[in-house]
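Morning, everyone. One structure today, and I'll keep it brief. Please have a look at it before I start.

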Amino acid sequence: MAEQKTLSIVKPDAVGKSNIGKILARLEEGGLRIVQARLVYMDRPMAEKFYAEHAERPFFASLIEFMTSGPSMIMVLSGEDAIAHNRQLMGATDPAKADPGTIRADFAESIERNAVHGSDSPEAAEREIGFFFPAS
Ligand code: CMP
């Protein structure tokens, strides 16, 4: 597998609990490199645009409320097969279903307040990286 880039977000629940360092350590120790990073306090238009594909879902309003409730740590991760590798380190969206030892199993509160986001495809990674790091 070739070198890939993916977008990673440490979400407001994990930032609020001062878990940025512990989560970044998991990513780095898991073999991914942080090549760009910004702390972003998303406003409503920004969060709605980023999550536009979920606009029709019943949890959309609550998701936007949550993602605008505090700052997020936004990063570009690089590494071999980085998209799948990051998702493996994160664990399932619902922490109740996440494998033991994954980031969500250890740091997430619920399916919504689930500590981290990671791109789910090469197309999503390109869009999401361009969204937060337009110069890259
Ligand atoms: P994320 O990987 O950022 O992608 C979409 C987000 O929507 C997801 O993580 C969760 O934070 C949230 N989400 C997904 N499914 C549900 C659900 N069933 N109920 C509430 N929030 C959800």
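So, where does the ligand sit? In the largest pocket. Keep in mind that this is a predicted model.

Now the shell. Who surrounds the ligand? On the list are Lys-11, Tyr-51, His-54, Phe-59 and Leu-63. Arg-104, Ile-111, Glu-112, Asn-114 and His-117 complete it. By class, the shell splits into four nonpolar, three polar and three charged residues.

Next, the polar contacts. Three residues from that shell come up here, each facing a ligand oxygen. Take Glu-112: here a backbone N or O atom is 2.9 Å from an oxygen atom of the ligand. With Asn-114, a polar side-chain atom lies 3.3 Å from a ligand oxygen. His-117 also uses a polar side-chain atom, and the distance to a ligand oxygen is 2.9 Å. How much of the ligand's accessible area does the protein cover? The ligand on its own has 460 Å², and 80% of that is covered by the protein.

Let's leave the pocket and turn to charge pairs. Side chains of opposite charge can pair when their charged atoms come close. How many salt bridges does the model have? The count is six. One of them joins the side chains of Arg-33 and Glu-3, at 3.1 Å from N to O. This pair links distant parts of the chain, with the two positions 30 residues apart in numbering. Arg-33 belongs to strand 2, residues 33-40. Glu-3 belongs to strand 1, residues 3-10.

That's my summary. Over to you for discussion.

Definitions and conventions:
Residues are numbered from 1 along each chain as its sequence is written. This is a predicted model: local features need pLDDT of at least 70, side-chain atom pairs count only at pLDDT 80 or more; totals for chains, interfaces and linings use all residues. Side-chain values use heavy atoms; hydrogens and water are left out. A residue is near a molecule or strand if one of its heavy atoms lies within 4 Å of it. A polar contact is a pair of N or O atoms within 3.5 Å; within protein, one must be able to donate a hydrogen and the other to accept it, and residues adjacent in sequence count only if both atoms are side-chain atoms. Accessible areas come from the Shrake-Rupley method with a 1.4 Å probe; for residues, only the protein chains shown count as cover. On a 1 Å grid over the protein atoms alone, a cavity is a set of points where a 1.4 Å probe fits but cannot get out, and a pocket is an open set with protein on both sides within 12 Å along at least five of seven lines; lining residues have an atom within 4 Å of a point. A molecule sits in a cavity or pocket if more than half of its atoms lie within 2 Å of its grid points. Ala, Val, Leu, Ile, Met, Phe, Trp, Tyr, Cys and Pro count as nonpolar, Asp, Glu, Lys and Arg as charged, and the others, Gly among them, as polar. A salt bridge is a side-chain nitrogen of Lys or Arg within 4 Å of a carboxyl oxygen of Asp or Glu. Helices (H or I, at least four residues) and strands (E, at least two) are DSSP runs, numbered from the N terminus.
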